[in-house]
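Good morning, and thank you for making time for this short presentation. I would ask you to keep the sequence and the structure in view while I speak.

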Amino acid sequence: MILGSIPARTCRAWLLRVSLRQEPCSFSSVPPQPVPPLAQTLQGYLKALEPLLPPEELSHTRRMVQEFSRPGGLGPHLQEGLERRARLTKNWITDWWVQWAYLESRQPLPVHSNPAISLPRRDYNDWRSQLVFASKLIAAVLDFRAKMKTAQLPVEYMRGKPMCMELYPLLFSSCRIPGPKHDYVAHYGSSRRSPTHITVVRNYQFFQLEVYNSDGSRLTESQIHGQLLRIRSQSWKTDKEPMGILTSEHRHTWGQAYNRLLRDKLNQESVQMIETGLFSVCLDSPVMRISDEKYASRKAAQILHGGGTYSNSGNRWFDKTLQFVVGEDGSWGLLYEQATAEGMPVTSLLHHILEYCEHPDPKRAPLVPLPMPKKLYFHIDREIKWDIEQAKQNLDILINDLDVYVFNFKKFGKDLPKKHNLSPNSFTQVALQLAYYRVHNEVCPACDIASQRLFRGGRTEYIRSPTNQALKFILAFDDRSSVLKTAFSLVMLLHSCSKHDYFKHCAYVSSDAAQTLNGHGIDNHLLGLKLQAIEEGLSIPKVFMDTAYGLATHWKLRTGQVPANTDSVMCFGPLVPDGYAVCYNPQADHVHFSITAFNCCEDTNAETLSRTVKETLCDLQELLEPTV
């Protein structure tokens with residue numbers, strides 16, 4: 001069955017007091033997502049612009065907002081249209097958001113869209129152990145799917161309220177399909193005869209591996225291991241033509257190549273097997289090891305894009321919703337496509353895998369011969385060969401343009417801010433804003449992600465920074481002439497950032513954050529008003545053509561916290577050419593960071609920002625706990 005997709009632009013989910021309960025999810029208990037009041041959203045928009053605009057530009061934007069919102073004007077008319085849409089649809093914004101944020105985007109999926117999660121290296125360094133671990137991982141994912149299908153998955157709760165669980169079934173047997181103007185997502189798991197195979201990729205060669213016995217039972221780990229050995233024996237040499245590279249192209253280019261590829265029946269059948277498979281497993285060659293810190297960055301980059309055409313990029317099918325990467329050197333992780341997958345469900349899946357891997361396989365393998373895994377062949381004519389060569393060149397250019405810097409900050413972790421009654425996420429966000437200011441001598445529009453899954457079909461919403469309180473702290477911290485330079489005054493300002501603006505997470509929820517979690521964020525609403533005008537055939541309102549709106553949505557700092565209790569690192573590319581993407585995973589006594597930037601921009605440098613983040617964290621520690 002083919003459906004429109006459901007999105008999540010940044011992939012990590014904003015974890016806020018999420019608890020798990022062993023009970024099936026009742027979708028009727030999840031309310032519809034509200035349309036926020038128009039005046040509230042416009043007031044929040046102007047408030048978000050205050051730290052970013054000079055007074056004269058802010059005054060101009062205020063006048064435009066007043067004109068837009070006047071009684072009987074365009075704003076109230078569009079608001080009525082959104083409220084009508086909310087009454088007639090499951091979720092008034094999700095389908096629009098998916099289409100606008102993902103499916104209409106023409107940028108390549110690697111780097112620009114698909115997030116990667118790099119997990120702690122396994123303790124092995126040979127192909128035999130690689131296949132043993134891959135077998136266990138496959139069995140763990142199948143076990144997770146079985147629990148999902150039998151309603152045994154714990155329901156997620158946020159602050160005592162159930163969250164919508166609709167995304168979970170869509171993770172399996174789904175794939176993004178390229179198109180000339182926009183893509184769509186195909187979901188095959190809800191058909192009468194659900195797929196029973198996965199795709200395994202090694203040395204650029206794709207294999208169809210059936211993972212269920214004829215009686216419907218799952219293959220055991222030892223059965224899966226035997227099949228992986230068979231796959232290895234059929235893929236000794238690297239395939240000359242890495243078909244998966246095609247999926248890394250600009251979406252319009254890949255859409256055209258996709259149509260040419262499917263003119264051949266053999267290619268049709270092979271592509272169909274990849275797209276309908278439950279998920280993909282990529283058996284990668286080792287990552288080149290230099291030093292521990294550089295290895296961490298290379299490892300994350302390998303999960304994110306495969307390392308290039310001379311490395312493992314040919315082992316990817318970037319359109320696939322779930323791709324598990326298992327390296328011969330013990331590296332492993334997950335790459336996922338955001339139009340369907342989202343941070344919190346993906347994290348739940350990875351948590352299940354880690355727990356499953358701690359226990360031996362209780363099942364004995366039945367003495368039943370299994371069919372040979374089916375190698376998927378492609379007929380490559382001159383046109384397709386040219387498409388592959390172009391895709392290889394373009395992907396290598398993209399990969400060489402991305403600077404990935406991963407590091408483990410070991411001086412302290414989330415216990416330090418907790419000790420001083422500060423939210424760890426608040427503390428880290430302030431540090432990132434201050435570090436950016438120190439490098440660029442300005443603050444910039446930054447976004448974090450809040451989950452909207454308290455509502456039926458809800459996905460995500462942006463949480464904006466900086467706020468006025470954060471800006472006040474940033475300007476005072478390095479200004480030696482400021483009357484606020486005393487340690488006491490700065491600590492009070494730091495607490496005000498945690499208590500009175502968006503930074504306050506977990507037990508420290510501010511009114512702004514609570515509004516967003518309750519479906520009253522501003523960015524989805526503003527987008528909805530703009531798209532409602534387009535839907536009605538009206539001109540785009542002037543407030544959205546204003547330079548202030550362009551500035552406010554030019555996210556130079558894309559941030560995300562990994563909601564995990566393991567030493568994992570999430571990684572993705574910046575949202576804009578002159579921006580950064582920063583992911584962090586705070587543990588009790590250390591914090592993992594990944595920072596990316598594009599080399600083509602002379603103003604940004606991932607290593608420089610990383611070094612400044614480390615220095616800034618140490619300065620904040622000194623503020624809270626002076627050594628003298």
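**Sheets, a helix and salt bridges**

Let me begin with one pair of residues: cysteine 447 stands opposite arginine 558, which belongs to strand β17. Please bear in mind throughout that this is a predicted model.

The pair I have just named belongs to a contact between strands β15 and β17, which run parallel and are joined by two bridges. On β15 there is also a pairing with β16, residues 460–465; here the sense is antiparallel and the bridges number six. Within β16, threonine 460 is the residue opposite serine 451.

Is β15 mostly covered or mostly open? Covered: six of the six residues in this strand, 446–451, are buried. Ala446, Asp448 and Ala450 point one way, while Cys447, Ile449 and Ser451 point the other way, and buried residues are found in both sets.

These strands belong to an open sheet of six strands, and its order is β14-β20-β19-β17-β15-β16, with mixed pairing. Its edge strands are β14, residues 402–409, and β16, each of which pairs on one side only. On average, neighbouring strands in this sheet are turned by 25° against each other, if direction is ignored.

I turn now to the other sheet on my list. It is an open sheet of eight strands, again with mixed pairing, in the order β13-β9-β8-β10-β11-β12-β3-β18. At its edges stand β13, residues 374–375, and β18; each has a single partner strand, so one side of each has no neighbour in the sheet. Inside that order, β3, residues 116–119, and β12, residues 332–336, run antiparallel and are joined by four bridges. One of the facing pairs is leucine 119 with tryptophan 332, the latter in β12.

Next, a helix. How far does α11 reach from its first C-alpha to its last? The helix covers residues 343–356, 14 residues in total, and it reaches 20 Å, close to the 20 Å expected at 1.5 Å a residue. Like β15, it is mostly covered, in this case with 11 of its 14 residues buried. Among them are Gly343, Met344 and Pro345, as well as Leu349, Leu350 and Tyr356.

I come to the charged contacts. A search of the whole structure finds 24 salt bridges, and I shall take three of them individually.

In one of them, the side chains of aspartate 319 and arginine 251 meet at 2.9 Å, N to O. Aspartate 319 sits in the loop between α10 and β11, whereas arginine 251 is in helix α8, so this pair ties together parts that are 68 residues apart in sequence. Both aspartate 319 and arginine 251 are buried.

Another salt bridge brings together the side chains of glutamate 625 and lysine 419, at 3.0 Å, N to O. This pair also links distant parts of the chain, 206 residues apart: glutamate 625 is in the segment after α21, and lysine 419 is in helix α13, residues 415–419. As for burial, glutamate 625 is partly exposed, with a relative accessible area of 25%. Lysine 419 has a relative accessible area of 60% and is therefore exposed, the cut-off for that class being over 50%.

The remaining example is aspartate 578 with lysine 556, where the closest N and O atoms are 3.8 Å apart. The two residues are 22 residues apart, aspartate 578 in the loop between β18 and β19 and lysine 556 in the loop between α20 and β17. Why does lysine 556 count as buried? Its relative accessibility is 18%, and buried means under 20%. Aspartate 578, at 25%, is partly exposed.

Beyond individual pairs, salt bridges that share partners join Arg106, Arg176, Asp183, Arg251, Asp319 and Glu337 into one network. Arginine 251 and aspartate 319, discussed a moment ago as a pair, are thus among the members of this network.

Finally, the surface. Which residues make the nonpolar patch of about 280 Å²? They are Ile534, Ile540 and Met545. Isoleucine 534 lies in helix α18, residues 523–535, and counts as partly exposed because its relative accessibility is 43%.

That concludes my presentation, and I should be glad to take questions.

Methods:
Residues numbered from 1 in each chain as written. Predicted model: local features only at pLDDT ≥ 70, side-chain atom pairs only at ≥ 80, totals over all residues. Heavy atoms only, no water. Expected span 1.5 Å × (residues − 1). Buried < 20%, exposed > 50% of the residue type's maximum accessible area, 1.4 Å probe, protein only. Pairing = 2+ DSSP bridges. Patch = residues over 30% accessible without salt bridge, like charges linked within 9 Å, V, L, I, M, F, W, Y side chains within 5 Å. Areas by Shrake-Rupley, 256 points an atom, 1.4 Å probe, with all protein chains shown as cover. Salt bridge = Lys/Arg side-chain N within 4 Å of Asp/Glu carboxyl O. Axes fitted to C-alpha atoms, helices over the stretch in contact; angles between N-to-C directions.
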